[in-house]
Amino acid sequence: MTRQSTPASGGDRPDLRRGDLEETFRRLFDEHAAVLHRYLVGRIGADIAGDLLSETFLTALQQRDRYDAERGSARSWLFGIATNLLRTEVRNEVAAQRKQLHLAAHEHSRRVVHGHADRVAERIDAQTRVQHLARALAELSPNDLDVLLLTSWAELTPTEIGETLGVPAGTVRSRLHRTRRLLRASAAPSSARDEEGVQADD
């Protein structure tokens with residue numbers, strides 16, 4: 001009786017403990033590398049994204065025994081690895097963003113001193129909105145930022161993000177709702193924020 005070999009994978013929940021690992025990881029790379037790379041480029045830039053993509057698959061190969069197909073798809077698992085690598089890479093991201101905001105505000109003020117009053121006011125208002133939004137992004141917790149970017153850039157579902165971060169899908173939806181509300185408030189015109197502040201004080 002001829003013994004049949006066990007398939008190397010099944011859908012997006014492959015068995016990484018047996019079968020042809022080279023073929024399995026080649027398939028995983030073909031299916032997920034492009035979207036992972038777009039996500040990494042969006043978060044850290046093209047210069048570093050390629051290296052992190054390679055490191056993501058190398059880490060996956062080294063930690064293949066930790067993958068549990070019953071807990072989530074390979075796609076979610078790979079995004080989890082990539083996100084953890086990103087956190088290590090961008091620990092100084094908030095400080096860098098704040099420095100950039102300060103320099104941008106200084107340069108903007110220097111350029112518009114001699115402009116028309118109304119146009120200057122419009123530019124300052126637009127610049128202020130951008131600064132508020134960028135500051136709000138910089139002040140998000142790592143968990144909230146991960147949820148936001150896994151949704152907008154990686155286009156993962158709440159269930160997939162939950163598998164990626166190891167939290168319930170309901171928690172993902174709650175974080176996303178809270179984060180979007182904060183960003184909408186930050187991007188609102190200053191007059192609207194002032195009015196909301198007055199109403200809150202009443």
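How many of the 11 residues of helix H6 (residues 142-152) are buried? In this predicted model, the count is 8 of 11, and helix H6 is thus mostly covered. The buried set consists of Asp 144, Leu 145, Asp 146, Val 147, Leu 148, Leu 149, Leu 150 and Thr 151. Two of these names, Asp 144 and Asp 146, return below as salt-bridge partners.

Helix H2 (residues 46-62) offers a pleasant check on geometry. At 1.5 Å a residue, its 17 residues should span 24 Å, and the end C-alpha atoms are 25 Å apart, which agrees. Buried positions in H2 are Ala 49, Leu 52, Leu 53, Thr 56, Phe 57, Thr 59 and Ala 60. Viewed down the axis of H2, the buried residues fall within an arc of 155°, so they line one face of the helix. An α-helix has 3.6 residues a turn, so residues three or four places apart point the same way. The buried residues of H2 pack against helix H1 (21-44) and helix H3 (74-89). On the other side of H2, Asp 47, Asp 51, Ser 54 and Gln 62 are exposed.

Turning to charged pairs, a search of the whole structure finds 8 salt bridges. In one of them, the side chains of Glu 160 and Arg 75 meet at 3.3 Å, N to O. This pair links distant parts of the chain, with Glu 160 in helix H7 (residues 158-165) and Arg 75 in helix H3, 85 residues apart. Glu 160 counts as buried because its relative accessibility is 19%, under the 20% cut-off. Arg 75, also at 19% relative accessibility, counts as buried too.

A salt bridge also forms between Arg 87 and Asp 146, whose closest N and O atoms are 2.4 Å apart. Arg 87 lies in helix H3 and Asp 146 in helix H6, so the pair ties together parts that are 59 residues apart in sequence. Asp 146 is buried, with a relative accessible area of 1%, whereas Arg 87 counts as partly exposed at 31%.

Helix H6 contributes Asp 144 to a further salt bridge, in which its side chain meets that of Arg 178 at 2.9 Å, N to O. Arg 178 belongs to helix H8 (residues 169-187), and the two residues are 34 residues apart. Asp 144 counts as buried at 8% relative accessibility, while Arg 178 is partly exposed, with a relative accessible area of 30%. Finally, salt bridges that share partners join Glu 22, Glu 23 and Arg 26 into one network.

Technical notes:
Residues are numbered from 1 along each chain as its sequence is written. This is a predicted model: local features need pLDDT of at least 70, side-chain atom pairs count only at pLDDT 80 or more; totals for chains, interfaces and linings use all residues. Side-chain values use heavy atoms; hydrogens and water are left out. Buried means under 20% relative accessible area, exposed over 50%, partly exposed in between (1.4 Å probe, protein chains only). Helices (H or I, at least four residues) and strands (E, at least two) are DSSP runs, numbered from the N terminus. The expected span of a helix is 1.5 Å times one less than its number of residues. The arc is that of the directions from the helix axis to the C-beta atoms. Contact means heavy atoms within 4.5 Å. A salt bridge is a side-chain nitrogen of Lys or Arg within 4 Å of a carboxyl oxygen of Asp or Glu.
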